[in-house]
Amino acid sequence: MMKNRLMILLVLCLNQVIAQNQGEITQFNSALNKFLNVRDFCISENGNEAFFTIQSPLQDISQIAYIKKEGGEWTGPQLMPFSASYMDLEPFLSHDGKRLFFVSDRTLDDSSKQKKDFDIWYVERSGPEKDWSSPKNIGAPVNSDLNEFYPSISKNNNMYFTLESPNGLGKDDIYISRWENGSYSTPQLLDANINSSGYEFNAFVSKNEDFILFSRYNEADGIGSGDLYISLKNDKGSWEKAKNIGTPINTKYMEYCPFYHETNQTLYFTSRRNNLSPKKFDSVSDFQEYIYENNNGLSKIYMAQLKIN
């Protein structure tokens, strides 16, 4: 009986955590509507830099772009300086702003012409206005001959990421590699409170590793094809069973790639939501504006105020 009461209390507390101060959901920046597919967003601690992935319609071309705030306004998007003929995606800026992690199928060195599987890479700089270094592969034991995706780093440098492995619980699973004595440890599969026989991916971990947000695909309790879930860490240091964060953030469409700015209590995420409906247009430009500016079923970056206690 006591166990049942505790489970009910946990569910009620979780509902309170994800429901408080849930604000209006808006597109992050209308200037990004010039791109057909935008995803994989992160923003700096001070809110003055944002990094994201831009892709072709069928996602066969993928590059990382950035914008900066100048005079309180966002600049136009620019490609990262390491841009090349590779698939680059899923940026994550370290908390001190000096290292940008990302995913790429680029070759390990210039002498090779054979693209690799997807690995986690990074570039470094000494400060916000300084130049980025050349890309560096993070290496083993994080990277392997399998595909690694979507790095997220806690304040103590522990890394959470997606791995496609035959040894996981499902096709895509979330792993942790701990930062120990100046290097990353062998990745460990998160337990069944996070992973399942299905698809878990795109994990964002909070600075202090007290909550984790991630995506699940085609779950029985899902609202759409892909939904955002949350798990809290308990007093014993274990992840509680993940819960769907519900509407209005999740819809009948695909929601994925969460990023949470803890200072501003803002959730950024990618969605393919669509609210277009037939109407009369006065001109072709009127038609184009309506299609491109509104939620049109293509991947866009959205934001919402979300208080997580």
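Two strands are counted as paired if DSSP finds at least two bridges between them. In this predicted model, that criterion applies to β21 and strand β22 (residues 266–271), which pair in the antiparallel sense over five bridges. The hairpin of β21 and β22 has four residues between the strands, and glutamine 265 in this hairpin takes a positive phi near 50°. Within the pair, histidine 261 stands opposite threonine 266 of β22, and tyrosine 260 has leucine 267 as its bridge partner.

The hairpin belongs to an open sheet of four strands, ordered β1-β23-β22-β21, with antiparallel pairing. β1 (26–27) and β21 (255–261) each have a single partner strand and stand at the edges, so one side of each is left without a neighbour in the sheet. β21 is nevertheless mostly covered, with seven of its seven residues buried.

Cysteine 257 is located in strand β21. This cysteine has a positive phi of about 50° although it is not a glycine. Its relative accessibility is 1%, and because buried means under 20%, cysteine 257 counts as buried. A further positive phi, near 55°, is found at glutamate 209, likewise a residue other than glycine. Glutamate 209 lies in the loop between β17 (199–205) and β18 (211–217). With a relative accessibility of 8%, glutamate 209 also counts as buried.

Two cis peptide bonds, each leading into a proline, are described here. One joins alanine 140 and proline 141, with omega at about 5°; proline 141 lies in the loop between β10 (136–137) and β11 (148–153). The other runs from threonine 247 to proline 248, with omega near 5°. Proline 248 is found in the loop between β20 (243–244) and β21.

For the chain as a whole, two helices and 23 strands are assigned. The radius of gyration is 20 Å, which agrees with the value near 19 Å for a compact globule of 309 residues. Along the principal axes, the C-alpha trace spans about 65 × 55 × 40 Å. Of the 309 residues, 49% are buried. Among contacts between residues at least 6 apart in sequence, 48% join residues at least 24 apart. The accessible surface comes to about 15200 Å², and carbon and sulfur atoms account for 50% of this area. The chain carries 31 positive and 39 negative charges, whose mean positions are 3 Å apart.

How values were computed. Residues numbered from 1 in each chain as written. Predicted model: local features only at pLDDT ≥ 70, side-chain atom pairs only at ≥ 80, totals over all residues. Heavy atoms only, no water. Rg over C-alpha atoms; globule rule 2.2 N^0.38 Å. Buried < 20%, exposed > 50% of the residue type's maximum accessible area, 1.4 Å probe, protein only. Contact = heavy atoms within 4.5 Å. Areas by Shrake-Rupley, 256 points an atom, 1.4 Å probe, with all protein chains shown as cover. Lys, Arg positive; Asp, Glu negative; His and termini not counted. Charge placed at Lys NZ, Arg CZ, Asp CG, Glu CD.
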